[in-house]
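Could you put together some exercises with worked solutions for this model, please? I'm new to it, so go step by step and keep it relaxed.

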Amino acid sequence: MPAVHKLLLEEALQDSPQTRSLLSVFEEDAGTLTDYTNQLLQSMQRVFGAQNEMSLATQQLSKQLLEYEKQNFALGKGDEEVIGTLQHFSKVLDELNSLHTLLANQMADRMVFPMIQFREKDLTEISTLKDIFGIASNEHDVSMAKYSRLPKRKENEKLKADVVAEVAYTRRKQHQASMQYYCALNALQYRKRVAMLEPMLGYMQAQVCFFRKGMDLVSKKMDSFLTSVSNMTQSIQAQLDSESDLMRLSQRDLLSVEDTVYMPDQDSANPPVNRTLIQKAGYLNIRNKTGLVTTAWDRLYFFTQGGNLMCQPRGAVAGGLVLDLDNSSVMAVECEDRRYCFQITSPTGKTSIILQAESKKEYEEWICALNNISRQIYLTDNPEAVAIRLNQTAIQAVTPVTSFEKRHESLQPESRIKLGAAESPVVSTQKLPEAPPQPENLIAPGTPIQFDLMLPASEFMDQNRGGGGRRTNPFGETEEDSSSDSHDSLLQQVFAVRFLGSMAVRTGRSREVIYEAMRQVLAARAIHNIFRTSESHLMVTSSSLRLIDPQTQVTRISFQLQDVTQFAAHQENGRLMGFVVEGPGAGEDSEPTLSAFVFESNTEGEKICYTISLGKEITEAKKTEQRQIPAVCPQTEQRQIPAVCPQTEQRQIPAVCPQTEQRQIPAVCLQTERRQIPAVCPQTERRQIPAVCPQTERRQIPAVCPQTEWRQIPAVCPQTERRQIPAVCPQTERRQIPAVCLQTERRQIPAVCPQTEQRQIPAVCPQTEQRQIPAVCPQTE
């Protein structure tokens, strides 16, 4: 017997287009078999009912048996044994056509009834299972569409749990319906043979039994043939029974899996991600534009073939080309509040598509596989080994050989990177969980984003080509300056990165500001279709971060490591990293500026963050190696402080002088940076005040003159800002008044002239405002 085609039950859960295509062939075969069975049953019923026209009906049946060979069965081609047997039956029917008038009862029991049972039981069951399978598939598609539209907000966790449970229920229902449908279609291939042979076997046995006595010659010729046909049907039935048992066992094993198999997102179980794939296949959601501003998402089956990304709709025979992946770029994007979205862009930047995976594992494996294909690994002799080698190269971190090597062997890189803050590694404090800051508190709304921090290498070479033998740096840095710190640094690590964007931020003490800057930069690049990036080398040393042109080897920009206040890698896309740099303000008294820089690395952003953390620890270790003095002097047993503060690097003095045991203050205030004097003079032990008031910034004098011990007032009143004189002149010790009255703002003179010591009156009376003359003339008396 030829091999029987079967539907694999293991492919029922995946429900790939290949399985659907093979399923359509089985359905076409079942439809053809149904049509043929109805025709054959009509012929048998005609034989049964046509007692007077038995000869004509038997002849028609003989012709119908010959039509089996001409039927276009998709899975029954090449079944020569059945075809030959039916042809032999047709010949026998022609010879025994005139002897079948008395076989109505035998034909009803052995020929018509088995065929009716096959049609009503087997074929009707196939049709019913097909409808159930279609309904289950539609329900699964609806639940998957609802799941794909789930937002990422945490308040929707209950909604997510309900939708995930609905997806698992519909997927399990579809899995059960598909396996029952597949089993029925597989069994139909055996029952089809039995249904074709068993009625005719019963018919012929009835004929032989009825005419045995009168047809000895005919019966002898037919015995061996009928025996072979009987053995054939029994063998097919035995195969059907064994195959049914195997399918039941396979169905039971496949249904005994955990419920997580039916859940679309299994990230809670932390499945391993294969980053060395060079080919990938599975269902993805693709975004299609339906209008100027409207979009629609379609769930299609995608697979890679060589260097191409192919797409095959459900029910299609073959897939079509979507995009050439050679030298293309793959980037994770935020799109319409959907999870696990990534974008594939052609090398020219003119063609791009956005796809969505159904789980984090699929999301990461698709990005890794497409990146491996874009590097044309599939063209090598051993692409799997090349992919594994590249992945190992990307994962391994090059640890520099320094005096701190043993110190860091026991520390895991992940523990340093998760901190992500420019803090001292010695001090570790536990903080209470705080509410996540709002985006507007991290970055001001409407902050511009800079995408062109660095010039492309071609433009940079054009600028330096006509300048003579020496190259100049567009950022004002010479080659001697750029290489001076590299020889003295204990740490030197170079990473290949691509600059994505930078923007001003409001704070530099939280990793959330870096995550928000990454989100806004990637969203802005996607909105404005900015895909061109220039590759640079990021050199991390123990003192600075430098971006170097890989072609000219000139430093494009550098940052001091002490100015880097925060650094972190992206939580989901490990290739993205960023840091916050503190810079000087616009003026002397203005606050420092904070800027966030976002990069994409070829390996992993966490490796760069670990190296930056290592550089900061080396810097902190250098600071601790500086000279320290004991807190208490061993000779005088008095408390002492260092001459220079290790935090502010400013000169400081003790609060009490060790010689005079008197309180002393620094000559310049550490907060206001202004000159200050002690409240009591250490020589005269008198109270003294500064020449300029620190609050009003105005000149001031002491209330009592330290030389004459007389009371004195400032030349200008601090409240009215008017000129004032003392009530008694310090030279003549006589009472004096101001030239202008402070209340009436009129000119006034003293009652006694200081030269003649004679009484005098003002020329105008202050009350009547009339001119007046003195009673005695001061000249003639």
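Below are six exercises, each with a solution in steps.

**Before you start**

This is a predicted model, so to speak of a local feature a pLDDT of at least 70 is needed, side-chain atom pairs count only at pLDDT 80 or more, and totals for chains, interfaces and linings use all residues. Residues are numbered from 1 along each chain as its sequence is written, and side-chain values use heavy atoms, with hydrogens and water left out.

**Exercise 1. Get an overview of the protein chain.**

Step 1: Take the helices and strands. The protein chain has 15 helices and 14 strands. Both are DSSP runs numbered from the N terminus: helices are H or I with at least four residues, strands are E with at least two.

Step 2: Look at burial. Of the 781 residues, 38% count as buried. Buried means under 20% relative accessible area, exposed means over 50%, and partly exposed is in between, using a 1.4 Å probe and protein chains only.

Step 3: Check how far contacts reach along the sequence. A contact means heavy atoms within 4.5 Å. Among contacts between residues at least 6 apart in sequence, 61% join residues at least 24 apart.

**Exercise 2. Work out the order of the strands in the open sheet of 7 strands.**

Step 1: Read across the sheet. The order is 4-3-2-1-7-6-5, with antiparallel pairing. Two strands pair if DSSP finds at least two bridges between them.

Step 2: Find the edges. Strand 4 and strand 5 are the edge strands, as each pairs on one side only.

Step 3: Add the twist. Neighbouring strands of this sheet are turned by 40° against each other on average, with direction ignored.

**Exercise 3. Trace some of the strand pairs and pick out residues that face each other.**

Step 1: Begin with strand 3 (residues 308-312). It pairs with strand 4 in the antiparallel sense over 4 bridges. Here Cys311 has Gly320 of strand 4 as its bridge partner.

Step 2: Go on to strand 1 (residues 281-289) and strand 2 (residues 295-305). They pair in the antiparallel sense over 9 bridges, and they form a hairpin with 5 residues between them. Arg287 stands opposite Trp297 in strand 2.

Step 3: Turn to strand 7 (residues 352-356). Strand 1 runs antiparallel to strand 7, and 2 bridges join them. Asn285 stands opposite Gln356 in strand 7.

**Exercise 4. Describe how two pairs of helices pack.**

Step 1: Take helix 2 (residues 54-66) and helix 3 (residues 80-95). They pack at an angle of about 165°, with their axes 8 Å apart. Axes are lines fitted to C-alpha atoms, for helices over the stretch in contact, and angles run from 0 to 180 degrees between N-to-C directions.

Step 2: Name the arrangement. That angle makes helix 2 roughly antiparallel to helix 3. For the cut-offs, under 35 degrees is roughly parallel, over 145 roughly antiparallel, 65 to 115 roughly perpendicular, and the rest oblique.

Step 3: Find the hand. The crossing of helix 2 and helix 3 is left-handed. In a left-handed crossing the near helix is turned anticlockwise from the far one by less than a right angle; clockwise gives right-handed.

Step 4: List some residues that meet. Among them are Thr58, Leu61 and Leu65 in helix 2, and Leu86, Phe89 and Leu93 in helix 3.

Step 5: Try the other pair. Helix 4 (residues 104-148) and helix 5 (residues 157-211) pack at about 165°, with their axes 8 Å apart. Helix 4 is therefore roughly antiparallel to helix 5, and it passes helix 5 in a left-handed crossing.

**Exercise 5. Examine two residues with a positive phi.**

Step 1: Recall the background. Most residues other than glycine have a negative phi.

Step 2: Place Asp15. Its phi is positive, about 55°, although it is not a glycine. Asp15 sits in the segment before helix 1 (17-49) and counts as buried because its relative accessibility is 4%.

Step 3: Place Asn327. Its phi is positive too, about 60°, and it is not a glycine. Asn327 lies in the loop between strand 4 (320-324) and strand 5 (329-332). At 53% relative accessibility, Asn327 counts as exposed.

**Exercise 6. Search for disulfides and look at Cys335.**

Step 1: Set the test. A disulfide is a pair of cysteine sulfur atoms within 2.5 Å.

Step 2: Run the search. The whole structure has 0 disulfides. For Cys335, the nearest cysteine sulfur is that of Cys341, 5.2 Å away.

Step 3: Check burial. Cys335 is buried, with a relative accessible area of 4%.
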